[in-house]
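Please open the structure in a viewer and keep the selection tool at hand. The tour proceeds by selections, each followed by an account of what is found there.

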Amino acid sequence: MFYTVLYTAAMLVVEFILYTTLRTKVITVSINETEISVKRFLGLGPEKKYRIKDLDGFHLSKVEIKRGYYDCIYIIYKNKKVAKVSNLYHDNYDYFLNRVEDHLKDLGFTESDFITELKDAFDF
């Protein structure tokens, strides 16, 4: 009985991590002159579009992991993070950063740690 409970708890943790990673990190984000579109779940989820003029701006952050750090861009809409683009998950991070810097207001650097990442998993 104990092993069944332990196995179930472990599977729930794994499912939560997989779900939040696919929902918040493994996303497709595109930007053009007038809008940013976000698709979650490997780019297979429904598309959500934000007009550039309606966005508050963006924050830059560094997130610590075992192997060092990775860089992130948080897109902010109505004081809420609506997209997270990182050089860990996105090959075109530098291109996207240049586009974001050209079109959105820089809201500065924001600290990020394990607690922030955990809160983001529930907020997105």
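Select K78. This residue is exposed because its relative accessible area is 61%, where exposed denotes over 50%, buried under 20% and partly exposed in between, with a 1.4 Å probe and protein chains only. K78 is found in the loop between β5 and β6; helices (H or I, at least four residues) and strands (E, at least two) are DSSP runs, numbered from the N terminus. Its phi is near 55°, a positive value in a residue other than glycine.

The model is predicted: local features need pLDDT of at least 70, side-chain atom pairs count only at pLDDT 80 or more, and totals for chains, interfaces and linings use all residues. Residues are numbered from 1 along each chain as its sequence is written, and side-chain values use heavy atoms, with hydrogens and water left out.

Add N79 to the selection. N79 lies in the loop between β5 and β6 and has a positive phi of about 60°, although it is not a glycine. N79 counts as exposed because its relative accessible area is 75%. Which distance separates N79 from L55, C-alpha to C-alpha? The two are 9.0 Å apart in space and 24 residues apart in sequence.

Next, display the open sheet. Four strands form it in the order β6-β5-β4-β7, with mixed pairing; two strands pair if DSSP finds at least two bridges between them. Its edge strands are β6 (80-86) and β7 (106-109), each of which pairs on one side only. From one strand to the next the twist averages 30°; axes are lines fitted to C-alpha atoms, for helices over the stretch in contact, and angles run from 0 to 180 degrees between N-to-C directions.

Within this sheet, select β4 (residues 57-65) together with β7. These strands run parallel and are joined by two bridges. L60 stands opposite F109 in β7.

Move to Y69, which lies in strand β5. Is Y69 buried or exposed? Y69 counts as exposed because its relative accessibility is 56%. Leaving aside residues up to four places away in sequence, Y69 touches K62, V63 and E64, contact being heavy atoms within 4.5 Å. The C-alpha atoms of Y69 and L88 are 9.1 Å apart in space, with their positions 19 residues apart in sequence.

Now show helix α2 (residues 93-103), which lies across β4, β5 (68-77) and β6 and runs at about 35° to β5. On this helix, select R99. R99 counts as buried because its relative accessibility is 18%. Its contacts, not counting residues up to four places away in sequence, are with I31, N32 and E33.

One of these contacts, I31, leads to strand β1 (residues 28-31). The strand has a covered face, V29 and I31, and an uncovered face, T28 and S30. In a regular strand the side chains alternate between the two faces of the sheet.

Extend the selection to β2 (residues 35-39), which pairs with β1 in the antiparallel sense over four bridges. The two strands form a hairpin with three residues between them. S30 stands opposite S37 in β2.

Step back to I27, in the loop between α1 and β1. I27 counts as buried because its relative accessibility is 6%. Which separation is found between the C-alpha atoms of I27 and G45? They are separated by 8.7 Å, and the residues are 18 apart along the chain.

Finally, select F2, in helix α1 (residues 2-24). F2 counts as exposed because its relative accessibility is 60%. Add Y3 and L6: with F2 they form a nonpolar patch on the surface, with about 410 Å² of accessible area together. Patches are made of residues with over 30% relative accessible area and no salt bridge, like charges being joined within 9 Å and nonpolar side chains (Val, Leu, Ile, Met, Phe, Trp, Tyr) within 5 Å. A salt bridge is a side-chain nitrogen of Lys or Arg within 4 Å of a carboxyl oxygen of Asp or Glu. Accessible areas come from the Shrake-Rupley method with a 1.4 Å probe, and for residues only the protein chains shown count as cover.
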